[in-house]
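I pulled this one up to see how the chain is put together. I started with the overall picture and then went residue by residue.

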Amino acid sequence: FKNYGRKVFRRPLPAAEVTRLKGYVMPITSQTEAIRQAIHLLFRSPSFLFHIELGVTEETLRVRLTDHEVANRISYALLGS
């Protein structure tokens, strides 16, 4: 999930999110079915469908974009996509 999820969501996945995603797939016994369910789960996520920038909240209640989100914005602006 960690490497594939990073490519699908266009951002690093926190450990808690990877654990949550694995929890949906673990009960499945067949490896083929587990892979199918994992791909289905990733591509139906709002993080894949939309470009989401959450940032981090500072003490002044302002939201500051993370380094990865700033780099994402710059790359989209430079590539025009």
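My notes on the fold, the core and a handful of residues follow.

**Ground rules**

I'm working from a predicted model, where local features need pLDDT of at least 70, side-chain atom pairs count only at pLDDT 80 or more, and totals for chains, interfaces and linings use all residues. Residues are numbered from 1 along each chain as its sequence is written, and side-chain values use heavy atoms, with hydrogens and water left out.

**Overall layout**

I looked up the secondary structure first and got five helices and two strands. For the record, these are DSSP runs numbered from the N terminus: helices are H or I with at least four residues, strands are E with at least two. Going along the sequence, I read the order as α-α-α-α-β-β-α.

Next I checked the dimensions. The chain has a radius of gyration of 15 Å, whereas a compact globule of 81 residues would come out near 12 Å. That radius is taken over C-alpha atoms, and the globule rule is 2.2 Å times the number of residues to the power 0.38. Along the principal axes, the C-alpha atoms fill a box of roughly 45 × 35 × 15 Å.

**Surface, burial and charge**

I get about 6,400 Å² of exposed area for the chain, with carbon and sulfur atoms supplying 60% of it. The areas come from the Shrake-Rupley method with a 1.4 Å probe, and for residues only the protein chains shown count as cover.

How much of the chain is buried? Buried residues make up 19% of the 81. I'm using under 20% relative accessible area for buried, over 50% for exposed, and partly exposed in between (1.4 Å probe, protein chains only).

I also looked at contacts (heavy atoms within 4.5 Å). Of those between residues at least 6 apart in sequence, 39% join residues at least 24 apart.

On charge, the chain has 12 positive and 7 negative, and their mean positions are 8 Å apart. Lys and Arg count as positive, Asp and Glu as negative, and His and the chain ends are not counted. I placed each charge at NZ of Lys, CZ of Arg, CG of Asp or CD of Glu.

**The core**

Which residues make up the largest nonpolar core? I found six: V8, F9, L13, V18, L21 and L42. Helices α1 (2-9) and α2 (15-25) are the elements that give two or more residues to this core. By nonpolar core I mean a set of buried Ala, Val, Leu, Ile, Met, Phe, Trp, Tyr and Cys residues joined through side-chain atoms within 4.5 Å. As background, nonpolar side chains tend to be buried together in soluble globular proteins.

I then followed L42. Ignoring neighbours within four places in sequence, L42 is in contact with F1, Y4, G5, V8, F9, L21 and F48.

**Y4**

Y4 is in helix α1 and is partly exposed because its relative accessibility is 40%. Past four places in sequence, Y4 touches I39, L42 and F43. I also checked Y4 against A38: they are 34 residues apart along the chain, with C-alpha atoms separated by 10.0 Å.

**Three residues in helix α2**

Is A15 buried or exposed? A15 sits in α2 and counts as exposed, because its relative accessibility is 61%.

E17 is in α2 too, but E17 is buried because its relative accessible area is 14%. Beyond four places in sequence, E17 is in contact with F9 and R11.

R20 is also in α2, and at 43% relative accessibility R20 counts as partly exposed. From R20 to R73 I have 53 residues in sequence and 27 Å in space, C-alpha to C-alpha.

**E53**

I found E53 in the loop between α4 (46-49) and β1 (56-57). With a relative accessible area of 26%, E53 is partly exposed. Leaving out residues up to four places away, E53 touches L65, E69 and R73. E53 and R73 are 20 residues apart in sequence and 9.5 Å apart in space, C-alpha to C-alpha.
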